[in-house]
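Please open the model in your viewer and keep the selection tool at hand. The stops below say what to select next and what is there.

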Amino acid sequence: MNIEKLPTQQENFSEWYNQVIQRAELADYAPVRGCMVVRPYGWAIWENIQKALDQRFKETGHVNAAFPLFIPMSFLEKEKEHIEGFAPELAIVTIGGGQTLEEPLVVRPTSETVIGHMYAKWIKSYRDLPVLINQWANVVRWEMRTRLFLRTLEFYWQEGHTAHETAQEGQEETLRMLDVYADFAINEAAVPVVKGRKSESEKFAGADTTYSIEAMMGDTRALQSGTSHNLGQHFAKAFNIQYLDRNNELQYCWTTSWGLSTRFVGAIIMAHGDDQGLILPPRLAPIQVVIVPIYKNDEEKAAVLPVAEKIEKALSAFRVKLDAREEMTPGFKFNDWELRGVPLRIEIGPKDVAKEAVMLARRDIPGRDGKISIGIEGLAEKVGDLLVEIQAALLQRATDFREAHTTTPSDYAGLQEAVQNGWALAHWCGNPECEANVKEDTKATIRNIPFEMQGESGKCIICGAPATDKVIFSKAY
RNA sequence: CGGGGUGUAGCGCAGUUGGCAGCGCGCUGCGUUUGGGACGCAGAGGUCGGCGGUUCGAGUCCGCCCACCCCGACCA
């Protein structure tokens, strides 16, 4: 392990990001360019994300299934916008079993097409609707520039695919799942997000409308953290997903899709981390409490270790780890677990044993300010309270940070200035040219058109034309 | 695909005019340590990215190739 300090977020945020991931053993670079290995600690975070989301999917009536990795090339070509959008980033298999394939197989970049094909077989009647299926899967998109978790050639995600009787039901489903994502982000990951609609240029290839949740990272850039698409009847028409309605008339279904990926692990890292390393939200942290025993000799060890073990048992309701490694000093362990973002640390040494107490150290409050001595009696309850408190504090801090770095410039010069270090809220007339100009001039894009600001009319900050949409401009990952 | 850069131990790097393959961290063993990143001693670990050329001799010079990184066009 490299014992040197991390670069600070201030001096080099992206280097801080890369190093914290590798040193905390979340992920490592794979032998293939642009691919990553998710290591056990990183995967444990993903598993906790999966649990929190899967539970919400089930509660809203969805079931899981698995669709194949390979998709016939011709399937993607059936929806014009879809193939145009994805063509540049497809991985295509042309040889199988030593033979050149008659039809190339695409490694799925997303599964609307195969799933649409199957839905056409399965759906006959309005009685078959709605179909509410999700799958947990890996997908491949051949990206030019990659970053661990944020953009890799292969990534893990869930993709929900639903089919409905009416346009309205489709729209309701699209927004329902966006709400599920926002609820997850805020209440499980403590990452504040803004729900909104994507502009035409940023929407999913083949969607009527794309919605997203956008979060601000520690360097003020935006990260699209989850998306929900109203696909209208595009895929239903491309794949003949039809049903007989109540009047015995053949109708096309209305479909949706929605996804959240391992990119969200990157969101957690960048939204909460500090110069010491990760800070994981208690609800998703693989280890919520780490116990570090402290002793100088065998005598002290004999006094301390059994108590530490007793505490470990007393805290079995939490994800707790006793770090009894002999070959490391307590000081090393403190730094090590801080790097790994464990929300709460318990230090127990001879002095504490004598007092029948322990030291509790909060990860979100560095140094002595975050430490308190507390009696062993009723410790579990106190730990539970503190974890809830830390979870809330992380959300509050991230929200405050976002607000402190969000401005409402009044003219174009102000906008250009504002997006250099933060989000800018401003009116936009809806013209793609204005959007493109901002990107050209500043590298910032329209992240989304927030629901909460709809209905405020004004003048386009770029061209001055009347505008009904107020949008977030920001540099993004 | 364009522009720039780097390939030497697991990681980070040094290697002079061409002359025995090195340093720091990490790793292994033993001992001393342990309340905020301990120390000593002894070890293990190399196709110097690959192929070819020049030379008595190449990590070093020349040519070709390969890989990766950074910047741009694309993106959850």
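## A five-stranded sheet

Begin by selecting β16, β15, β17, β18 and β19, five strands that in this order make up an open sheet with mixed pairing. Because β16 (320–322) and β19 (371–375) each have a single partner strand, they stand at the edges, and one side of each is left without a neighbour in the sheet. If you look along the sheet, the twist from one strand to the next averages 25°. Bear in mind throughout that this is a predicted model.

Next, keep only β17 and β18 (residues 357–362) on display, which pair over four bridges in the antiparallel sense. Which residue of β18 is the bridge partner of Arg345? Ala361 in β18 takes that place.

Now add the helices that lie across this sheet. Helix α9, residues 298–314, lies across β15 (289–293), β16, β17 and β18, and its direction makes an angle of about 170° with β15. Helix α10 also runs at about 170° to β15, and it lies across β15, β16 and β17.

## The surface near RNA strand B

Leave α10 selected and show RNA strand B, since α10 gives seven residues, the largest share, to the surface near RNA strand B. There are 36 residues around RNA strand B, and those that come nearest are Arg145, Arg151, Arg263, Glu338 and Asp352. On the RNA side, sugar and phosphate make up 45% of the atoms of RNA strand B that come within 4 Å of the protein. If you colour the surface near RNA strand B by residue class, you will find 16 charged, 13 nonpolar and seven polar residues.

Then zoom in on three individual residues:

- Select Glu143, where a polar side-chain atom lies 2.9 Å from a sugar or linking oxygen of RNA strand B.
- Move on to Thr152, and display its backbone, of which an N or O atom lies 2.6 Å from a base nitrogen of RNA strand B.
- Finish with Ser261, which has a polar side-chain atom 3.3 Å from a base nitrogen of RNA strand B.

The elements that give two or more residues to the surface near RNA strand B are α10 (330–339), β17 (344–348) and α11 (350–355).

## The annotated span and a hairpin

Select residues 33–281, which an unreviewed UniProt entry annotates as "domain: Aminoacyl-transfer RNA synthetases class-II family profile". The end C-alpha atoms of residues 33–281 lie 31 Å apart, and the span is 32% helix and 32% strand.

Now select strand β5 (residues 91–96) and strand β6 (residues 99–107), which run antiparallel and are joined by five bridges. One pair to pick out is Ile92 with its bridge partner Val106 in β6. In the hairpin of β5 and β6 there are two residues between the strands, and Gly97 takes a positive phi near 60°.

## A four-stranded sheet

For the last stop, select β20, β21, β26 and β22, four strands that form an open sheet in this order, again with mixed pairing. Its edge strands, β20 (406–407) and β22 (445–446), each pair on one side only. Strand β21, residues 423–428, runs parallel to β20 and is joined to β20 by two bridges, and Trp423 in β21 is the bridge partner of Thr406. To complete the view, add helix α14 (residues 432–442), which lies across β21, β22 and β26 (469–474) and runs at about 155° to β21.

Terms used. Residues numbered from 1 in each chain as written. Chains lettered and ligands numbered in written order. Predicted model: local features only at pLDDT ≥ 70, side-chain atom pairs only at ≥ 80, totals over all residues. Heavy atoms only, no water. Pairing = 2+ DSSP bridges. Contact = heavy atoms within 4.5 Å. Axes fitted to C-alpha atoms, helices over the stretch in contact; angles between N-to-C directions. Near = heavy atom within 4 Å. Polar contact = N/O pair within 3.5 Å; in protein donor to acceptor, adjacent residues only side chain to side chain. Nonpolar A, V, L, I, M, F, W, Y, C, P; charged D, E, K, R; others polar. UniProt positions renumbered as here; feature names shortened; annotations may be inferred.
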